[in-house]
Amino acid sequence: KLARPLFESYDGLSTGYIGCLISGARVHRRLGRYDECVDFGRAALEACNRLFGNTHKKDGLKLFGRSLTELGLGLFRYGMEIEAEQHLLRALAVEKRLDERARTNSTLRLEILNGLMLASIAGSNSRDALEYAEQLERALDISYPSQRYPNGHPACATFLTHLGAAYHLAGQFEAGDTFYGRALSMWNDLGCREHPGHVTVLDALGRLHVDLGQFAQAYEYQAAALAMARGIFVGEEYPDGHEILSRCLLNMASLYWFMGETEKAATCFREAVDQSERLFPQEKYPHRHPILQQAYAAWGCLLLFERRFDEAEHFLTKSYEIARDLYDPTRYPRGHQLLNYALLDLGTLEAHRGRYDEAEGYFTKLLESLENLHEGKLPDSHHEVADAIADLGSVRLARGMTREAIQDFNEVLRQREALLPRTLCPHGHPRIFRALIDLGTAHFQAGESAESVRRFSAAAQMEYDL
C-alpha cells in the first residue's frame, strides 16, 4: 500500500510496479480481503497491458501470467467462479508460451492448475477437477523434489491439501485421506504449527471423518483446527475475523449437530453468521458471498429443527436469494450445487409446515435441476439425489402414499449403501441409519410389521455400533 502510490506517481509503467500490484493482490487474498485483492489484480493486469501491449512480449509473459493468476484466484475467493476460471485459463495459455527453463523454475503452473481445480470443485464439476488434480500432482513432484525439500514446503503442503479436497469431494475418500495425511505430516515436519494452511488441512480431515461417520476422530481434528484458527485470526489485522475461521466454525457446528449437541451447534452457527456478515458486507460484495450463503443455510436448518419456522424461513430465504444471485441461470445454465441445496432446504421447511404441495414442488424442481447439472441424466448414486428422493418420500408418506414412499426410501438406501460401503464405513453411517428408519416407518404405516421390525433392528444395531 505504501509502494503503490509512489510507483503510480511515475505513471505506473514499470515491472517493479506490476510486481508490487501482484504482491499486493496475494497478500490481500491471504488476509481474506478479497475485494482489495481483486482491485490489485485488475490493476496489475491493466498495467501489463499498458506496458507490454497485446503482443505479450517475451519479457512480459511471466508478469502477464502472474497477473492473470492472482486476479483469477482473487475472483474465485470473491465468489465469482466463472470469471475466475476464464482468467486462469488465459493464464495457463500464457504460461505455455514461456521457455522451458522459465517454466521449470517457476511455480506459476502449479498455482494456475490449483486455481482451476478449486474452481471446478466449487462449480460441482468433479470430472474437470480430477483432471486438473492429476496434472497438479505430476507438476508438484517436479517443482518440489524431496531431495531439495526433505521436509517439504508450505506451498507444497497447501497444494496437497487441495488435492485431497478434489478427491474427497468426488467421493474418493481413501485418496482424499492420503493427500490430507501427506499435507498434515508436511506441516508437522516444517514446524508450522500456527499457519493458516495447517488450520485448513486439520479442518479438511475433520470434514472427511464426518463424511465417513467417524465422529470421535472428526472432533479431534475440528477442535484442533478451530482452536488454531482462533489463535491466528485475531488482533488489528483481523478485526472481523477471517473466512477460514468462519469455515471452521461452520464445520464445528455441523459436527456438533451430527453428535446431537444442538446448543453447542447453535452457538457456533450464530457466531459464523455474525462473522460472515461482517466479512462480506453488501457494499463490498454486491452479490454477497458463498460462505455467507452457507452460514445462513446452516443456521436456518437448525431453527427449522427447533420448529421456529418463521425465523427459519427468514434465513433460508436469504440463503436461497444469495445462491440465486451468485449462480444465476444465465451464467450457470447447468445449475449449481449450492443453489440445489437452497431449494432442498426450502422444500424441507414447507414439508415440516405441512404444506405438502409446495414441498413436493421444490423437490421436483430440485430433481430436474440435478438432472440438468449432470448433463440430462441423474447419476446412479449421489448424495444430493438421495437427499431429494428422501424428502420427496417423506412428503408422500405424510400424504398416505405408502407404496410410493417405500419405493423412494428403498432407492435412497440403495444409493447410501453404494456411496458408503462397509469397506469405508465398517460400522455403518448416519445417512444409512436415517434411510433404514425412514424405510421401517413406511413399512409400519403400510401394515408390514415383519419388514418394519427388520429395518428398525438393523438401524438399532447400526446406531449402537456408531
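**Exercise 1. A helix pair**

At what angle do helix H17 (residues 337-352) and helix H18 (residues 356-373) pack, and how far apart are their axes?

*Solution.* Keep in mind that this is a predicted model.
- Step 1: Two packed helices are described by the angle between their axes and the distance between the axes.
- Step 2: For H17 and H18 the angle is about 165°, and the axes lie 7 Å apart.
- Step 3: Angles over 145 degrees count as roughly antiparallel, so H17 is roughly antiparallel to H18.
- Step 4: The crossing of these two helices, H17 and H18, is left-handed.
- Step 5: To see the contact, display residues including Leu-343, Leu-344 and Gly-347 of H17 with Tyr-362, Phe-363 and Leu-366 of H18.

**Exercise 2. Another pair to work through**

Find how helix H9 (residues 154-169) is placed against helix H10 (residues 173-190).

*Solution.*
- Step 1: H9 and H10 pack at about 165°, with 7 Å between their axes.
- Step 2: That angle makes H9 roughly antiparallel to H10.
- Step 3: H9 passes H10 in a left-handed crossing.
- Step 4: Among the residues making the contact are Cys-156, Leu-160 and Gly-164 from H9, and Phe-179, Ala-183 and Trp-187 from H10.

**Exercise 3. The span of a helix**

Check whether the end-to-end distance of helix H5 (residues 81-95) agrees with its number of residues.

*Solution.*
- Step 1: H5 has 15 residues, and the expected span is 1.5 Å times one less than that number, so it should reach 21 Å.
- Step 2: The end C-alpha atoms of H5 are 21 Å apart, which agrees.
- Step 3: Now look at burial along H5: the buried residues include Ala-84, His-87, Leu-88, Ala-91 and Leu-92.
- Step 4: To read such a list, recall that an α-helix has 3.6 residues a turn, so residues three or four places apart point the same way.

**Exercise 4. Cysteines without partners**

How many disulfides does a search of the whole structure find?

*Solution.*
- Step 1: The search finds zero.
- Step 2: Take Cys-20: the closest cysteine sulfur is in Cys-48, at 13 Å, and this is too far for a bond because a disulfide needs sulfur atoms within 2.5 Å.
- Step 3: Cys-268 is in no disulfide either, as the nearest cysteine sulfur, that of Cys-248, is 10 Å away.
- Step 4: Cys-20 counts as buried, at 15% relative accessibility, and Cys-268 is buried at 8%.

**Exercise 5. Positive phi in two loops**

Compare the settings of Arg-288 and Arg-307. Is Arg-307 buried or exposed?

*Solution.*
- Step 1: Most residues other than glycine have a negative phi.
- Step 2: Phi of Arg-288 is positive, near 65°, and phi of Arg-307 is positive too, near 65°.
- Step 3: Arg-288 sits in the loop between helix H14 (262-279) and helix H15 (290-305), while Arg-307 belongs to the loop between H15 and helix H16 (309-326).
- Step 4: Arg-288 is buried, with a relative accessible area of 17%, whereas Arg-307 is exposed at 54%.

**Exercise 6. A glutamate in a helix**

Which residues is Glu-111 in contact with, leaving aside its neighbours within four places in sequence?

*Solution.*
- Step 1: Locate Glu-111 in helix H7 (residues 108-122).
- Step 2: Its relative accessible area is 16%; buried means under 20%, so Glu-111 is buried.
- Step 3: With those neighbours set aside, the contacts of Glu-111 are Arg-66, Thr-69, Glu-70, Leu-73 and Phe-159.

Note on methods: Residues numbered from 1 in each chain as written. Predicted model: local features only at pLDDT ≥ 70, side-chain atom pairs only at ≥ 80, totals over all residues. Heavy atoms only, no water. Helix = DSSP H or I, 4+ residues; strand = E, 2+ residues; numbered from the N terminus. Buried < 20%, exposed > 50% of the residue type's maximum accessible area, 1.4 Å probe, protein only. Contact = heavy atoms within 4.5 Å. Axes fitted to C-alpha atoms, helices over the stretch in contact; angles between N-to-C directions. Parallel < 35°, antiparallel > 145°, perpendicular 65-115°, else oblique. Left-handed = near helix turned anticlockwise from the far one by under 90°.
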